[in-house]
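Open your viewer and get your selection tool ready. We will take a short walk from one stop to the next.

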Amino acid sequence: MSAIIVVGTQWGDEGKGKIIDFVSEQADMVVRHQGGNNAGHTVVSGDVVYKLHLIPSGILYPETDCVIANGVVVDPRVFLEEVEYLHQRGIGTERLRVSSEAHLIMPYHLVFDSLAEDRLGTQKLGTTLRGVGPAYMDKASRMGVRVGDLLQPEVFRDRLERVLSEKNHLLSKAYGRDQFDFEDMLEQYLAYGEQMRPYIANTSVVINRAIDAGKRVLFEGAQGTMLDIDHGTYPFVTSSHPIAGGACIGAGVGPTKIDAVYGVVKCYTSRVGDGPFPTELLDATGDAIRQEGQEYGTTTGRPRRIGWLDTVALRHAARVNGLTGLAVTRLDVLDHLDWIQIAVAYRYRGEVMTELPDSLEELSEVEPVLETMEGWKTSITGARRIDDLPAATRRYLDRIAELVGVPLALVSVGRERTNTIVLKPLF
Ligand code: IMP
């Protein structure tokens, strides 16, 4: 296999960082294709914990090329801070490329992100306030500024002048806020451009050449299927396409070049931000899982909402992503439970539903139909092969694969790279 996509199947935070890190070791190139620094990947390597928000964690491997492709929105300050963070830890960034066509997150995007959330009040989306939504809005309304523009001072001056005068007008007239100074911003961003110059490239060419040369290319999704702007729980979604199709658009690669799509499934569910969550646990079991799993946002530090595994949502993820394999994560977090529940369907006004409703109002009203399974009540972190797992753990895994209709490929039983059981190599 030469080109594979790894996506989140739930609301993000499925433990993709660990799986992507594990697979990155075998990859020649790792590509990010959507989202921005709203994502957060925590990677544990020996005693060191790395936290990255924008740069693919593949950068931790000296042989792996890393690409931030056109579909990502890039905050140059965050990009340069992460480059510096890596350099301080002795990690080189010569193999990193960023697309000249990627849109920039500008300072006014962060302000508009907060203003929009404030305005929505109790209806707020619970965004990460990193300016991601407003940057994608400008991209769609053709008001965006792109990475490549930073390398052409005259082009950048022109674009920024036009865009900033409109943003400043809005800020002062509609919101009574201070305006941004044009010359200051121009100077600062051109300086960022100079610092980013060695990394900027036509990444569609770079990625396609790698695939054509038979290199192993991993497309790493950020967020998750249920946060997809088309196929998630709109409007409680992010502004990009975390699903597999998003990789083709966001990287400039045709669908015929993709060999497999793996879905990362956390063995329970979590969600940061607002919106319906049918299997949510608002009790002591939810608190215990949150505590055991240290379920607090990597990017925002917010406590995550916790619930049982929802296989109705997972079947939706299997369908819209065309999943070919599952990577089930964080199984060890459930080690202490006497019993575990799993949603096999929903009940809506007395009717059983086996597919995710496309109306948010219906989804907010459904009750999960839960199946109860026995817990394993023992530590499984030492397991290296599937046969090392207790029978109850294997029954839980088999039931997930059966209900979702997609075979298991990987199982993660701990934070370390070594705590991973491979049933089917991803490449
Ligand atoms: P935004 O992406 O900051 O605009 O936030 C939109 C929604 O996506 C909010 O509910 C966020 O909490 C959620 N979100 C964004 N990025 C992530 C992520 O990496 N993990 C989980 N949720 C995320």
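Which residue follows helix 12, and is its phi positive or negative? Select G405: this residue comes right after helix 12 and has a positive phi, near 80 degrees. A word on the ground rules: this is a predicted model, in which local features need pLDDT of at least 70 and side-chain atom pairs count only at pLDDT 80 or more, while totals for chains, interfaces and linings use all residues. Residues are numbered from 1 along each chain as its sequence is written, and side-chain values use heavy atoms, with hydrogens and water left out.

Now select residues 391–404, which make up helix 12 (helices are DSSP runs of H or I, at least four residues, and strands are E runs of at least two, numbered from the N terminus). Its buried residues include Y396, L397 and R399 (buried means under 20% relative accessible area, exposed over 50%, partly exposed in between, with a 1.4 Å probe and protein chains only).

Stay on R399 and add E371: they form a salt bridge, with the closest N and O atoms 2.6 Å apart (a side-chain nitrogen of Lys or Arg within 4 Å of a carboxyl oxygen of Asp or Glu). Because R399 lies in helix 12 and E371 in strand 18, the pair ties together parts that are 28 residues apart in sequence.

Next, pick R395 and E374, whose side chains meet in another salt bridge at 3.0 Å, N to O. Here R395 is partly exposed at 43%, whereas E374 is exposed at 52%.

For a last stop, show D13, K266, E295, R304 and R330, which are linked in a salt-bridge network.

Conventions
The expected span of a helix is 1.5 Å times one less than its number of residues.
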